[in-house]
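This report looks at how domains meet within two chains. It takes one interface from each chain.

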Amino acid sequence: MNYDITLTVNGRRYKLGVDPLRTLVEVLREDLGFTGVKVGCGKGECGACTILLNGKPVNSCLILAVEADGSSILTIEGLSKDGTLHPLQEAFVKYGAVQCGYCTAGMILSAKALLDENPNPSELDIREAISGNLCRCTGYAKIVKAILEAARKGA
Amino acid sequence: MVEYFKPSSVEEACSLLDRFKEGALILAGGTDVVLDIRYNGLRPRCLISISNLEGLKYIRGDENGIRIGAATTIAALAKHPLTTRGCFNVIAEAARCFGSPQIRNRATVGGNICRAGCSDIAVPLLALDATVNLVSIRGERTVPLSRFFAGGGRTVRAPDELVKEVAVNNPPPLSGSAYIRFSYRRSLDLPIIGICSYLALDSDLSRVVDARIAMNAVAPTPIRLKNTESSLMGKEASDHLIDEAAKIAAEEIQPRADSYRASPSYRRALAYVLTKQCLMKALAAAREKRLS
Amino acid sequence: MGIKKSIPPIDALEKVTGRAKYCFDMKLQGMLYGKVKRSPHPHARITGIDTSKAESHAGVWCVVTAKDYPQAYYGLGLSDQPLFAQDVVRYVGEPVAAVAAESERAAEEALHLIEVGYEELPAYLNPEEAISPGAQPIHPNYSRYKREYVTSDLDLGLPNVCNVYQVKKGDVERGFLEADLVVESRFTTAMIAQCPLEPHVAIADVDLEGNITIWTNTQTPYRVKHQLCQMLRIPRHKVRIIVPPHVGGGFGNRVNMKAEGIAAALALKAKRPVKVAFTREEVFTSTTVRHPYIVYIKDGVRKDGRIIARYIKVILDGGAYADVGYLVTSAGSWGATAAYDIPSFHLLAIRAYTNHAVGGAYRGFGASQLQFAVESQMDIVAEKLGIDPVELRLRNLLDRGEENVEGKRLLTTGAKTCLLRAAELIGWGKPFEKVKGGLRRGRGIALGARQFVRTASSAVVRVLDDETIEVWSSATDLGQGARTIIAQIAAEEFKAPLSSVKVRTVDTDVTPFETGQAGSSTTFKVGQAVRLACLDAKKQLFDIAAKRLDACVEDLDMENGKIFVKYEPERSIRVSELFTYIPVMRAGPFSEYGEIIGRATFTPKGEDYTAKEAVSYSAQAVEVEVDVSTGSVRILKLVNVVDPGTPINPLLVEAQAEGGMCMGIGAALLEELKLDKQGRIVNPDFTDYKIPTALDVPTLGDVIVEVIETPYEQGPYGAKGIGEVVTMPTAAAIANAIFDAVGVRLTHIPMTPQRIYEALAKEGGAHRVLKEYEDGLGGEV
């Protein structure tokens, strides 16, 4: 049995009918094509599927799509406006904070949520904000540098 | 096959629970139950979503203490002025170490205590002697949190009941609390041991008039260490007293023999060391009150 | 233009915008979903499989078992691994059957409907037990398996030996007699996982003629192709492997066939494309792991610090099958032969079969575990002799021009520079606060040394009329920046802007042979191949340009798409002008050569695929703080001085160093896969298998990475390798620092708080620890 929900994703409204047991990550990826939302573990233990739900970072693999009805969702695909990169995206590129890139989308969104709330974070604030996003490639150093720079630039 | 309901009031939620009873799954943050659905074959007859029920999302203070709606997120607890103040700060401290930022934005106080087993947020709430308010169409009842857990994974919540709120009374003026959580990683980790201690002193700030120590990950549910508490009650607060109490705590816990996370002897060693630290911090916090 | 430039990876933009497409994101029209039924037992005979209920389940297209592929065995070097368990299962997680269905859910449901009967057999979870006389063979048909490399002729006459490797030089027994002191130690390392963030996935599609195309996130496309063809007994032209341009990490976990065979088997039977995506749990249990090691080291040393004899016995806990662990047995030994000059040396490595997850490639390829042992032992020897640990190493380092224990003359330098610089940066020898209440601080140092693999690699370079330079290479970019390095080298050779270089998708139908990304080899072998292919293409361009400019080829040079005469630069012609269009049909373009296609194959000199004479270094020094009351360790400062030869891209070298240290910290302090008595991994998830989070590594100000350049003339522009060595010495550096802090030597990794606490309690006595702690605690809260 399907339930009708409305999701606003990256500023666009979508109306869908979903099985109540389907997760938000499945619906975003399979039904709406937002493959920028990654699957690393499917259990909320790695943060690769992080999206902003009404401005707050959450693991989309732990949310049933029906629960997100009426919500505003930001995925990585919605971050740059009209082809202009968000300062976080620019900084990640500039500092080489991207290696395999699989954690990157979730990482950037967690950072964005931090900067939206705290435009002047300390390094510790940043590490705490991304502490739910696992990265195996970078050791986090350049990621932290990139977020500090984006903050300096007034992200 | 599975029905989904999003009640807009507590009353509506209760009548749904009355209708479905054990067949209902209450969905708050979902950070645990979505895993059960996805990986452990859980198939309830219906889902009752309370994650957005305004009537359950609040942190209120009155002259008695604070009241926290069951659907309040752990993230909200981590930074609310009421939970970061004085003795209640242990609630915010526990909330800040909980899971990860993403998990904290969804997990709720009601959902976490109903999980029973390793509930992190139960630890400071137990030490603060919280009560749980349960509602159903049959009425309301209040149960001390210390009597809410019924064994690994189970609580005294009846199948038609909904946890409505958790309440904590204001502690007396000359009291202090402290929270320590020990895990191998500094995020995304379950605790090897979580401890919260609460001490209330007499007007001379020398005698312990009330003591509560709560722990998780050392028994099938979060527990109060009654023997340890008794050893402190009515006694002169001193380093030696605390040291002895910490030794009793190490004996009182029942860590899992077959745990692959930490051996029983290590958990006992930690219980000794960290209970001592925790009590010293609570004592210092209580003594500081004289100055404020 | 190209090399020694710190440029961000060329695909970073796609990754930060979510436009990067990974294999996990791919879908094909009409695709089915494949799921795998796996053994719940570590060792059992299969008494029967009934797939009828699964086959008739709604949405299911087919079920495959060993019955469909009775002789399908594969391996690298030793083909001992069946696609689906034949009559016996040998580890928990081994594939027994697979289902292809219209949805993942239908496939998962069908798995539960497959009935498998098992008769349990005794299982070996301990490698020393498995190879002790009288143990039951896990592979009774071992001698009949196909072999492709010559293995050691050494027959130890022991059961369950998968492979043996031996290095012998001089006379160790005599050395022990002549030594002033003999030091014996035993070290062990836990089973750990590579944990690339993208799970393994393969999508297989088969056409009417039985040609199989597989999209996969492998790091060794040609090896997968080879293994698949060998296993299915089909000619090589019938298999095409395509690797999407973005892969979510590798670290060795994607070496050799993983999901590809299962996807192909299902697609062949279903006659529709099938996608097999592993869950995270399957990645932990059923791909490969890092071999747990048991290392016995016996050193004969002189009072002056010279190690004159060293005997090492290594037991690799191999798990149920050989996979590439067959090779780890020999190549892992480089961890003990790379750095030091030891007159009498004997290493014996034995890879044991056991009934658990399969040991394969993990960054370091077995050398990491050995270097934990060797670099810890160096400190133990130093302490016993009363010599400073840095000094002891310096006295035993292999210098350029000297022969290592395998008789190879070292052609590179860097060890001494890295070691001394790391020591300097950590403040070695300078006093520092060692006691702070119940906290103890200490410093430790270790030298990582890694030779790199030097296998063949081919590349093709095509120059287009719009001056674009296309590179066709089968080097897979796992995030390490392979495509960026390739582009930089091409840009350097053509003196062209980086933006004019396009690195094409890895596709074995088009991109030429490459052994794969492993062994820190990519910059070296792929770099050489690309560089030589560029030279070949340039020659073709110059041949045409020479005629047009009426000059000699030797007098020409090119830059930014313009070919000019060196002594008369105004005499020039653009690359685009070398192409013409066929006027009538407006078709083309082509040049006098037709297409400008340069090609080259870089092959190692001689048969030896290992560049044992070239070593990369990573000296790591660390300052730790131990809380003796709980055993917790905090890393206060970490220094990593790396020598990659010439850094083609210093930013990427730094990135490797930082990422490598983090992985090293995980292996040293946090990570272990735990087996229960039934051989089941109890923590196949990211909560209980703990890789470091951003809060578990030191802050920016506490980490120093430095890159030392010591060019190696046989490498492209002097480059060596760097991918693995950066993670190899971390564990020993931390163990040495812990010893400095609390006087306790830990010989097992990970050094979890529980283990450190127990070691403190045991060695110092509980009284000493608690008394010290209490003294520190008194008055302090």
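How many salt bridges does the rule find across the interface of domain 1 of chain A and domain 2 of chain A? The count is zero, where a salt bridge is a side-chain nitrogen of Lys or Arg within 4 Å of a carboxyl oxygen of Asp or Glu.

This is a predicted model: local features need pLDDT of at least 70, side-chain atom pairs count only at pLDDT 80 or more, and totals for chains, interfaces and linings use all residues. Residues are numbered from 1 along each chain as its sequence is written, chains are lettered from A and ligands numbered from 1 in the order in which they are written, and side-chain values use heavy atoms, with hydrogens and water left out.

**Chain A**

Chain A is assigned domain 1 (3–77) and domain 2 (87–152). The bounds come from an automatic or database domain assignment. Domain 1 of chain A brings 16 residues to the contact and domain 2 of chain A brings 12 residues; contact means heavy atoms within 4.5 Å. The rule finds four residue pairs in polar contact across this interface, both at pLDDT 80 or more. A polar contact is a pair of N or O atoms within 3.5 Å; within protein, one must be able to donate a hydrogen and the other to accept it, and residues adjacent in sequence count only if both atoms are side-chain atoms. On the side of domain 1 of chain A that touches domain 2 of chain A, the residues are eight nonpolar, six polar and two charged.

**Chain C**

Chain C is assigned domain 1 (23–123 + 194–289), domain 2 (124–193 + 290–387), domain 3 (397–447 + 610–781) and domain 4 (457–603). Between domain 1 of chain C and domain 3 of chain C, 11 residues of the former touch 11 residues of the latter. Val92(C), Cys195(C) and Phe284(C) supply 49% of the area that domain 1 of chain C buries against domain 3 of chain C, more than any other three residues. The rule finds zero salt bridges across this interface. It also finds zero residue pairs in polar contact, both at pLDDT 80 or more.

**Areas and distances**

Buried area is the accessible area (1.4 Å probe) that two parts lose on being put together, summed over both. Centres are taken over C-alpha atoms.

| Domain pair | Centre separation | Buried area | Carbon and sulfur share |
|---|---|---|---|
| Domain 1 and domain 2 of chain A | 21 Å | about 1,100 Å² | 66% |
| Domain 1 and domain 3 of chain C | 37 Å | about 890 Å² | 85% |

Notes: Ala, Val, Leu, Ile, Met, Phe, Trp, Tyr, Cys and Pro count as nonpolar, Asp, Glu, Lys and Arg as charged, and the others, Gly among them, as polar.
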